[in-house]
Amino acid sequence: MNLKPESSDGPRQWGASARAFFRKDIVVILMVAWVARLAFILIMPVHTRSFDSLSWEQVVHDMAAGQNPYQSTRFLNWPPFWIQILFVIYKISTALSVPFFRVLQAVLILVESAVIVLLVKLIREIVPGAHVRRLVIFGIALNPAAIFLICQH
């Protein structure tokens, strides 16, 4: 079923208008999400972390030292691929001279941002013309549980 106008200039204008509206929604939602996460990071005490993030840092330090983290630690309960991703994050943090935890936060925020973009796109495809900005801002961008898990984890 084609919901676009049928005039000769209509589809191009409608498509450009829809893309501009989509981009505006994305920019607003991501800005709200990023400001909320930055505020949480700035308010959160510097050394506050989850046990998982401390464990992940120990695992990557053991791997960097040439040890097998499955033998040198007792807290591995994640799939092996996640450990490889953590090791890449560790390598990036050492190359940039940035603490591992901060690079981990940045990676998790970027992944969550991609999820937000895909969610907006999915909602728009399922319900054309839907006004998703408020829904996604309050459902994800300002959701305290999402902020806590991404920034503290």
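**Close-up views of a seven-helix chain**

**View 1. Helix H5 meets helix H6 through a small set of named side chains.** On the H5 side, Glu 112, Ile 116, Leu 119, Val 120 and Ile 123 make contact with Leu 135, Val 136 and Ile 140 of H6. Sorted by character, the residues of this contact are seven nonpolar, no polar and one charged. H5 covers residues 100-126 and H6 covers residues 133-141; the two pack at an angle of about 145 degrees, and their axes are 11 Å apart. Their crossing is right-handed. Please keep in mind, here and in every view below, that this is a predicted model.

**View 2. The whole chain, for orientation.** Welcome to the wider picture: the protein chain has seven helices and zero strands. Following the sequence from start to end gives the pattern α-α-α-α-α-α-α. The protein chain has 153 residues, and 35% of them are buried. Take the contacts between residues at least 6 apart in sequence: 66% of these join residues at least 24 apart.

**View 3. The two sides of helix H6.** Which residues of H6 are buried? They are Val 136, Ile 137, Ile 140 and Ala 141. Looking down the axis of H6, you would find these buried residues within an arc of 110 degrees, so they line one face of the helix. Turned away from that buried side is a face with the exposed residues Arg 134, Leu 135 and Phe 138. Leu 135 is a residue to look at twice, as it is exposed on this face and also takes part in the contact with H5.

**View 4. Arg 37 and its neighbours.** Arg 37 belongs to helix H1. Is Arg 37 buried or exposed? With a relative accessibility of 1%, Arg 37 counts as buried. Leaving aside residues up to four places away in sequence, Arg 37 touches Ile 109, Glu 112, Ile 140, Ala 141, Ala 146, Ile 147 and Cys 151. Some of these names are familiar from earlier views: Glu 112 and Ile 140 also belong to the contact of H5 with H6, and Ala 141 is one of the buried residues of H6.

**View 5. An aromatic pair between helix H1 and helix H7.** The structure holds three aromatic pairs, and this view shows one of them, Phe 40 with Phe 148. The ring centres of Phe 40 and Phe 148 are 6.1 Å apart and the ring planes stand at 90 degrees, so the pair is edge-to-face. Phe 40 sits in H1 (residues 10-43) and Phe 148 in H7 (residues 144-152), so the pair ties together parts that are 108 residues apart in sequence. Phe 40 is partly exposed, at a relative accessible area of 24%. Phe 148 also counts as partly exposed, at 42% relative accessibility.

**View 6. A stacked aromatic pair within helix H4, with His 61 of helix H2.** Phe 87 and Tyr 90 form a stacked aromatic pair, with 6.0 Å from centre to centre and 25 degrees between the planes. These two residues lie three residues apart in H4 (residues 80-96), which separates them by about one helical turn. In general, an α-helix has 3.6 residues a turn, so residues three or four places apart point the same way. Tyr 90 is buried, its relative accessible area being 14%. His 61 is found in H2 (residues 51-64) and is partly exposed, with a relative accessible area of 38%. Between the C-alpha atoms of His 61 and Phe 87 there are 8.6 Å, although the two residues are 26 residues apart along the chain.

Note on methods:
Residues numbered from 1 in each chain as written. Predicted model: local features only at pLDDT ≥ 70, side-chain atom pairs only at ≥ 80, totals over all residues. Heavy atoms only, no water. Axes fitted to C-alpha atoms, helices over the stretch in contact; angles between N-to-C directions. Helix = DSSP H or I, 4+ residues; strand = E, 2+ residues; numbered from the N terminus. Left-handed = near helix turned anticlockwise from the far one by under 90°. Contact = heavy atoms within 4.5 Å. Nonpolar A, V, L, I, M, F, W, Y, C, P; charged D, E, K, R; others polar. Buried < 20%, exposed > 50% of the residue type's maximum accessible area, 1.4 Å probe, protein only. Arc of directions from axis to C-beta. Phe/Tyr/Trp six-rings, centres within 6.5 Å; stacked < 30°, edge-to-face > 60°.
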